[in-house]
Amino acid sequence: MTTPAKKTPSPMYEVHESPIHGKGVFARTRIPAGTRIIEYVGEIVDWDETCRRTAAKGGPINHTFFFTLNNGLLIDGGAGGNESRFINHSCDPNCEAMEEDDRVYIHALRDIEKGEELRYNYGLIYDERHTPAVKKAFACRCGAPNCTGVMLAPKKRSRAKKAAA
């Protein structure tokens with residue numbers, strides 16, 4: 001009888017409780033700026049499947065591990081995902097998500113010190129009106145001095161509004 005192999009933690013990061021929200025990913029060692037830290041992985045699904053999965057879990061779509069790709073498909077980090085799904089949002093990020101050939105990698109924006117939580121700006125797109133209820137549902141808890149209070153990307157102003165301004 002063989003014993004299952006133990007999963008060895010990455011030498012760069014570890015997951016534990018976060019002061020921002022739930023679990024977080026923290027540097028186990030200093031990570032230089034520009035380092036590719038981890039790939040955001042999971043099952044690739046379309047929008048209809050994303051909505052079905054969200055409804056089945058009984059939660060709003062904003063509290064999931066879905067990452068939208070430029071091709072319109074999504075990565076469901078909650079299905080076959082890895083530690084990257086626990087990287088929290090921040091209005092003052094030290095990482096960024098970069099898409100390369102329909103894959104997403106998290107890179108260090110600057111030097112990240114040992115023990116520092118990894119975080120990137122989710123910049124979530126929400127096409128509907130940003131009502132107080134929507135802003136509450138997408139509330140940011142990052143605590144950064146420049147915190148916008150929401151994980152949403154700013155709405156793009158229409159040309160008519162820009163011309164009137």
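Begin by selecting helix 1, residues 47-57, which lies across strand 4, strand 5 and strand 6 and runs at about 110° to strand 4. As you look around, keep in mind that this is a predicted model.

Next, keep the helix in view and add the strands that it lies across. These 3 strands form an open sheet in the order 4-6-5, and the pairing is antiparallel. Strand 4 (43-45) and strand 5 (66-68) stand at the edges with a single partner strand each, so one side of each has no neighbour in the sheet. If you turn the view to look along the sheet, you can follow how neighbouring strands are turned by 30° against each other on average, with direction ignored. In general, the strands of a sheet pair through backbone hydrogen bonds, in either a parallel or an antiparallel way.

To see one pairing of this sheet in detail, select strand 4 together with strand 6 (residues 74-76), which pair in the antiparallel sense over 3 bridges. Which residue of strand 6 is the bridge partner of valine 45? Show both side by side, and you will find that the partner is leucine 74.

Now move to another sheet, where 3 strands again form an open arrangement, this time in the order 3-9-8 and with antiparallel pairing. Its edge strands are strand 3 (36-40) and strand 8 (95-100), each of which pairs on one side only. From one strand to the next, the twist of this sheet averages 30°.

Within this sheet, select strand 3 and strand 9 (residues 103-108), and trace the 4 bridges over which they pair in the antiparallel sense. A good place to pause is isoleucine 38, whose bridge partner in strand 9 is isoleucine 106.

Leave the sheets and turn to the second largest pocket, in which about 150 Å³ of space lies. To bring its lining into view, select His89, Cys91, Asn121, Gly123, His130, Lys135, Thr148, Val150, Leu152, Ala153, Pro154 and Lys155. If you colour these residues by class, the lining has 5 nonpolar, 5 polar and 2 charged residues.

For the last stop, select residues 136-152, which UniProt lists in an unreviewed entry as "domain: Post-SET". How much of this stretch is helix, and how much is strand? Over residues 136-152 the chain is 12% helix and 0% strand, and the C-alpha atoms at its two ends are 11 Å apart. Thr148, Val150 and Leu152, which you selected a moment ago, are among the residues that line the second largest pocket.

Conventions:
Residues numbered from 1 in each chain as written. Predicted model: local features only at pLDDT ≥ 70, side-chain atom pairs only at ≥ 80, totals over all residues. Heavy atoms only, no water. Pairing = 2+ DSSP bridges. Axes fitted to C-alpha atoms, helices over the stretch in contact; angles between N-to-C directions. Contact = heavy atoms within 4.5 Å. 1 Å grid on protein atoms, 1.4 Å probe; cavity = no way out; pocket = protein on both sides within 12 Å on 5 of 7 lines; lining within 4 Å. Points joined across faces, edges and corners; volume = space filled by probe spheres on them. Nonpolar A, V, L, I, M, F, W, Y, C, P; charged D, E, K, R; others polar. UniProt positions renumbered as here; feature names shortened; annotations may be inferred.
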